[in-house]
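Colleague: I'm new to this one. Can you walk me through it?

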Amino acid sequence: VDPGTGGYYASPKAREHLASWQAHNGPHFIDDPFPRRRGTFLWRDLHEPPQPFDDGITVGAQLDTPGGRLRRRVKLKEEGGTQRWNIHDDVEGDRRDWEVRWQFAPGWVCSVDQDQILAVRDGSEVRMAVKSEARWTLEGPWEGATSGPDIDDCRSGLCSPSYRRFEGGFVLIIRPAGAELTTQVWSDEEI
């Protein structure tokens, strides 16, 4: 989670991590550094622009990479009196070594509740359920916050909630068994 307020020029490790796939929500191929950074704002291997779509019911985008096509579709549906977001991710191509990460901002406390992830912040609850065959783990958060350029601990969950401040948040990592993954997100309250 990076609101764009960090002063990363003093911490190349933090800048590199916060720009990586591992710091972003969404699908990506494992150990695929594409596209690579060439500097603070420059990319070495340019990619085709993501292709967004919106059919009035489902919104999403797809990105073509040398490893294959990554696609995400999001649909809001009513189920049992609760509005639920269905997030459908899939890949096309030869590669099947992919994952989806969900990075939670500092302050969210996450736990496993039966077959769901429960995320709580300031008394509000959000639930997530993986609706496809997959292995998933919940990591973090690492303790302690730091300010300034001396951040050397750029592990999973690193966030920058404000200028030159780094904190850890929970990360849900999902590794699908096949080419498709559906994750459902909902809350029984208005957040």
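Modeller: We'll go from the overall build to single residues.

Colleague: Go ahead. What should I know about the model itself?

Modeller: This is a predicted model: local features need pLDDT of at least 70, side-chain atom pairs count only at pLDDT 80 or more, and totals for chains, interfaces and linings use all residues. Residues are numbered from 1 along each chain as its sequence is written, and side-chain values use heavy atoms, with hydrogens and water left out.

Colleague: What does the secondary structure come to?

Modeller: One helix and 15 strands. Helices (H or I, at least four residues) and strands (E, at least two) are DSSP runs, numbered from the N terminus.

Colleague: And how much of the protein is buried?

Modeller: Buried residues are 42% of the 191 in the protein. Buried means under 20% relative accessible area, exposed over 50%, and partly exposed in between (1.4 Å probe, protein chains only).

Colleague: What share of contacts join residues at least 24 apart?

Modeller: It is 57%, among contacts between residues at least 6 apart in sequence. A contact means heavy atoms within 4.5 Å.

Colleague: Now the inside. Which residues of the largest nonpolar core touch the most other members?

Modeller: Trp-102, Phe-104, Met-128 and Leu-172, out of 20 residues in that core. Strands β5 (82–92), β6 (98–103), β8 (116–121), β9 (124–130), β14 and β15 (180–186) each supply at least two of its residues. Another core lies apart from it, with five residues, including Leu-18 and Trp-142. A nonpolar core is a set of buried Ala, Val, Leu, Ile, Met, Phe, Trp, Tyr and Cys residues joined through side-chain atoms within 4.5 Å.

Colleague: Switching to pockets. What volume does the largest one have?

Modeller: About 660 Å³. Its lining has 28 residues, and Ala-19, Ser-20, Trp-21, Phe-34 and Pro-35 lie nearest its centre.

Colleague: Which elements give two or more residues to that lining?

Modeller: They are α1 (12–19), β1 (26–29), β3 (58–65) and β4 (68–79). Helix α1 gives the most, with four residues.

Colleague: How does the pocket lining split by class?

Modeller: It has 11 nonpolar, nine polar and eight charged residues. Ala, Val, Leu, Ile, Met, Phe, Trp, Tyr, Cys and Pro count as nonpolar, Asp, Glu, Lys and Arg as charged, and the others, Gly among them, as polar.

Colleague: How many cavities of 30 Å³ or more turn up?

Modeller: A search of the whole structure finds one. Its volume is about 40 Å³. Trp-21, His-28, Phe-29, Asp-32, Phe-34, Thr-65 and Leu-70 line the cavity.

Colleague: How do you define a cavity and a pocket?

Modeller: On a 1 Å grid over the protein atoms alone, a cavity is a set of points where a 1.4 Å probe fits but cannot get out. A pocket is an open set with protein on both sides within 12 Å along at least five of seven lines, and lining residues have an atom within 4 Å of a point. Grid points are joined across faces, edges and corners, and a volume is the space filled by probe spheres set on the points.

Colleague: Single residues next. Where is Arg-175?

Modeller: In strand β14 (residues 171–176). Arg-175 is partly exposed, with a relative accessible area of 32%.

Colleague: What does Arg-175 touch?

Modeller: Ile-30, Trp-98, Glu-99, Ala-134 and Arg-135, leaving out residues up to four places away in sequence. Its side chain makes a polar contact with the side chain of Glu-99 (2.8 Å). A polar contact is a pair of N or O atoms within 3.5 Å; within protein, one must be able to donate a hydrogen and the other to accept it, and residues adjacent in sequence count only if both atoms are side-chain atoms.

Colleague: And Arg-127, buried or exposed?

Modeller: Arg-127 is buried, at 18% relative accessible area. Arg-127 sits in strand β9. A polar contact of 2.8 Å joins its side chain to that of Asp-113.

Colleague: Last topic, backbone. Where is there a cis peptide bond?

Modeller: Between Gly-140 and Pro-141, with omega about -10°. Pro-141 lies in the loop between β10 (134–139) and β11 (146–147).

Colleague: What is the phi of Gln-114?

Modeller: Positive, about 60°, although Gln-114 is not a glycine. Gln-114 is in the loop between β7 (109–113) and β8. Gln-114 is exposed, at 72% relative accessible area.
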